[in-house]
Amino acid sequence: MSKIEKRFLRSGKVKDVYDVSKEELLFVFTDRLSSHDVMLADKIPQKGQVLCRLAAHCFANCEDNGIETHMIDVPAPNEMLAKKLFLIPIEVIGRNYVYGSYWKRYQRGEVQLPEGTDRVLAAKLSEPLIEFTTKFETKDKPLTEQEVISRGWLGTPEIDQIKKITLQLNELMLKDAEKAGFILADFKLEFGIDEEGKIILADEAETPDGCRFWDASKYQPNKIQESFDKQIVRDYLEKVKGWDKNQPAPGTKLTEPILPKKIINKTSQRYIQAYERLTGRKF
Ligand SMILES: Nc1ncnc2c1ncn2[C@@H]1O[C@H](COP(=O)(O)OP(=O)(O)OP(=O)(O)O)[C@@H](O)[C@H]1O
Ligand SMILES: [Mg+2]
């Protein structure tokens, strides 16, 4: 851990957050992992570093391309010093493929697919979609732009700016994904507002925790895709007796380690591989 003087504020699912000064926060990316909405007792070695270094890679790329981010410095491989922001309480979802909750909502007739998009699971969208969801509710709920405005969180100009940044960042991440042999199916972003009222990209970006990456060589529409992250753990847990029949409530912490060493190591390797493929650098 870096020697920066800091005061512990809170632990999120993955990051520990510290107060450094009036303007700065320190995020320590841990090796914690959740699956099926449950925090696991097992840790995935190097996962924190992978997430932090990937986010730093993405943020540096953003700054080079005129997108302001909260990153100030990376004092240790799993630590990010960041500008303290008023966090906008929504999650911004970018989608290039029809998958996950969007597919389910489409099947229920709640959302449309843009013209020119195949009506099958995992189809490529004819154009990227941007959506907003709630952030501080147990289950993230989609929000219309009108709801975002009427809750007093943002006005139309800010919404337009966030959509513009999201599309621009999508292009940057798509370039990395293409070089890596990945498909960037969808992703989540968080934004904050600084003291001058400027909208700034916050939290993390281009990480396997916040993006759904698929292996381009294995992609087949109309099928469930394997995502390049904690899939190994998810698949293992599906097979563990009692787990899927008796799923603990969301947010539950499992205190007993349950993952075999082999699964842990394979998952760790997968995160490292994602870093190497996306950045083109050795871990
Ligand atoms: N620049 C920033 N200023 C203030 N808060 C931030 C900033 N960047 C990120 N955050 C918040 O810090 C927390 C990071 O921790 P972590 O990602 O582990 O949380 P989490 O459990 O995923 O919670 P959440 O669901 O809120 O993301 C998040 O709540 C995130 O929204
Ligand atoms: Mg988070």
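Helix α6 covers residues 261–279. At 1.5 Å a residue, its 19 residues should span 27 Å. The C-alpha atoms at its ends are 27 Å apart, so the expected and computed spans agree. The model is predicted, and the values given here are computed from it.

Much of the interest of α6 lies in its buried positions. These are I263, I264, T267, S268, R270, Y271, I272, A274, Y275, L278 and T279. The cover over these residues is drawn from several elements. Among them are the helices α1 (47–64), α4 (156–180) and α5 (231–239). Strands β12 and β14 also contribute to the cover. After α6 comes G280, which has a positive phi, near 70°.

One of the strands covering α6, β14, spans residues 211–215. Four of its five residues are buried, and the strand is mostly covered. Its pairing with β12 (residues 182–193) is antiparallel and runs over five bridges. Within this pairing, I183 has W214 of β14 as its bridge partner.

Strand β3 (residues 24–29) is likewise mostly covered, with five of its six residues buried. Two pairings involve this strand. To β2 (residues 15–19), β3 is joined by five bridges, and the two strands run antiparallel. Here D19 stands opposite L25 of β3. The two strands form a hairpin, and four residues lie between them. With β7 (residues 79–83), β3 pairs over five bridges, again in the antiparallel sense. In this case E24 has K83 of β7 as its bridge partner. In a regular strand, side chains alternate between the two faces of the sheet.

The domain assignment of the protein gives domain 1 as residues 1–84 and domain 2 as residues 86–218. The contact between them takes 18 residues from domain 1 and 17 residues from domain 2. Taken over C-alpha atoms, the domain centres are separated by 21 Å. The size of an interface is often expressed as the accessible area lost when the parts come together. For domain 1 and domain 2, the area buried between them is about 1700 Å². Carbon and sulfur atoms account for 58% of this area.

Charged pairs also cross the interface. The rule finds five salt bridges between domain 1 and domain 2. In the model, K15 and E204 form a salt bridge. The closest N and O atoms of this pair are 3.0 Å apart.

Note on methods: Residues numbered from 1 in each chain as written. Chains lettered and ligands numbered in written order. Predicted model: local features only at pLDDT ≥ 70, side-chain atom pairs only at ≥ 80, totals over all residues. Heavy atoms only, no water. Buried < 20%, exposed > 50% of the residue type's maximum accessible area, 1.4 Å probe, protein only. Pairing = 2+ DSSP bridges. Expected span 1.5 Å × (residues − 1). Contact = heavy atoms within 4.5 Å. Domains from an automatic or database assignment. Buried area = accessible area lost by both parts, 1.4 Å probe. Salt bridge = Lys/Arg side-chain N within 4 Å of Asp/Glu carboxyl O.
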